[in-house]
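Reader: Hi! I'm new to this one and would love a friendly walk through it. Could you put it up so we can look together?

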Amino acid sequence: MFEYQRDYFEKLRGQHLKVILNIVLFSIFLGVLFLLVGGIAAIIIAGSVSTIDATGSNALSIFGVIFSIIFFLLFAIFVLIPLNFSYYNYYFLAYEEKLSRFKHGLFPFQKGRYLKSLGLAIVLILIGFAMNIFVNIVTGPIFYGGRFGFTDVDNFSNVAVNSIGAILLLFIGIIVTVFLNILVQGFVANTWFRHLEKAQNTFGDKYRI
């Protein structure tokens, strides 16, 4: 069961801290990038709204709000989405016994790989979103059943029994949710690792693997 993990840590050969440091730095980089672009969009929106409040209906101000929203969405889709999967590259390089550097987090923007990385990232997000909806459908009745168990009682003598049943239902719901989400994340990670290994392959090839 843990053969892969043992193999992975043996191949890291002292790179554990470096991998973690790269991921931390990359996370900070993503956070700063998000705040910078989000801040610019928020400033434009705030300025546009204040102009509308001061002058009444203003087409130019409304255009500023629309432009900033579209600008942020496009930035999120074409930059943040592929970058959100880039940290897998640090693990991949370590497993391949290759030195990893901070710049390797920019893997999706390498020449000839951007469009495939972007397309794969969007598809994986959509798959993850659909799977999470399925998880909610599966676990929803359990959670709602558990929630109502605390309140839907006929008399005081049934409170203890219903409360225990509700706790058990909630506990089962949590276990099922965690298990299904682990499967979703495992599928996403596995597909992206295939992309790192064979970046030139089509998504269909990666999906079949």
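Author: Happy to! One thing to begin with: among contacts in the chain with a separation of 6 or more, 72% come from residues 24 or more positions apart. Contact here means heavy atoms within 4.5 Å.

Reader: Good to know. Anything I should keep in mind about the model itself?

Author: This is a predicted model, where local features need pLDDT of at least 70 and side-chain atom pairs count only at pLDDT 80 or more, while totals for chains, interfaces and linings use all residues. Residues are numbered from 1 along each chain as its sequence is written, and side-chain values use heavy atoms, with hydrogens and water left out.

Reader: Thanks! So how many helices and strands does the chain have?

Author: Seven helices and zero strands, which reads as α-α-α-α-α-α-α along the sequence. Helices (H or I, at least four residues) and strands (E, at least two) are DSSP runs, numbered from the N terminus.

Reader: And how much of the chain counts as buried?

Author: 30% of the 209 residues. Buried means under 20% relative accessible area, exposed means over 50%, and partly exposed is in between (1.4 Å probe, protein chains only).

Reader: What about the area the chain exposes?

Author: The chain exposes about 13,400 Å², and carbon and sulfur atoms supply 72% of that. Accessible areas come from the Shrake-Rupley method with a 1.4 Å probe; for residues, only the protein chains shown count as cover.

Reader: Why is helix α4 largely enclosed by the rest of the structure?

Author: Because seven of the eight residues of α4, which covers residues 88-95, are buried. The buried ones are Tyr88, Asn89, Tyr90, Phe92, Leu93, Ala94 and Tyr95. Just after α4 comes glutamate 97, with a positive phi of about 60°.

Reader: Let's switch to serines. Where does serine 68 lie, and is it buried or exposed?

Author: Serine 68 lies in helix α3, residues 59-83. It is buried, with a relative accessible area of 0%.

Reader: What does serine 68 touch?

Author: Not counting residues up to four places away in sequence, serine 68 touches Ala41, Ile44 and Ile45. A polar atom of its side chain also lies 2.8 Å from the backbone oxygen of valine 65.

Reader: And serine 117?

Author: Serine 117 is in helix α5, residues 114-151, and counts as buried at 0% relative accessibility. A polar atom of the serine 117 side chain lies 2.8 Å from the backbone oxygen of arginine 113. Leaving out residues up to four places away in sequence, serine 117 touches Phe107, Pro108, Trp192 and His195.

Reader: Nice. New topic: how many aromatic pairs does the structure hold?

Author: It holds 11 aromatic pairs. One of them joins phenylalanine 26 and phenylalanine 29; this pair is tilted, at 6.1 Å centre to centre and 40° between the planes. Rings of Phe, Tyr and Trp (its six-membered ring) pair if their centres lie within 6.5 Å, and planes under 30 degrees apart count as stacked, over 60 as edge-to-face and the rest as tilted.

Reader: How are phenylalanine 26 and phenylalanine 29 placed in helix α2?

Author: They are three residues apart in that helix, so about one helical turn separates them. Phenylalanine 26 is buried at 2% relative accessible area, whereas phenylalanine 29 is partly exposed at 29%. Another pair, phenylalanine 67 with phenylalanine 71, is stacked: 6.3 Å centre to centre and 15° between the planes.

Reader: What separates phenylalanine 67 and phenylalanine 71 in helix α3?

Author: About one helical turn, because they are four residues apart. An α-helix has 3.6 residues a turn, so residues three or four places apart point the same way. Phenylalanine 67 is partly exposed at 43%, and phenylalanine 71 is partly exposed at 30%.

Reader: Which residues do ring pairs link into a cluster?

Author: Phe26, Phe29, Tyr90 and Phe102.

Reader: Last one: which residues make the nonpolar surface patch of about 730 Å²?

Author: Leu17, Ile20, Leu21, Val24, Leu25, Ile28, Val32 and Phe102. Patches are made of residues with over 30% relative accessible area and no salt bridge; like charges are joined within 9 Å, and nonpolar side chains (Val, Leu, Ile, Met, Phe, Trp, Tyr) within 5 Å. A salt bridge is a side-chain nitrogen of Lys or Arg within 4 Å of a carboxyl oxygen of Asp or Glu. Leucine 17 is found in helix α2, residues 16-55, and is exposed at 69% relative accessible area.

How values were computed
Polar contact = N/O pair within 3.5 Å; in protein donor to acceptor, adjacent residues only side chain to side chain.
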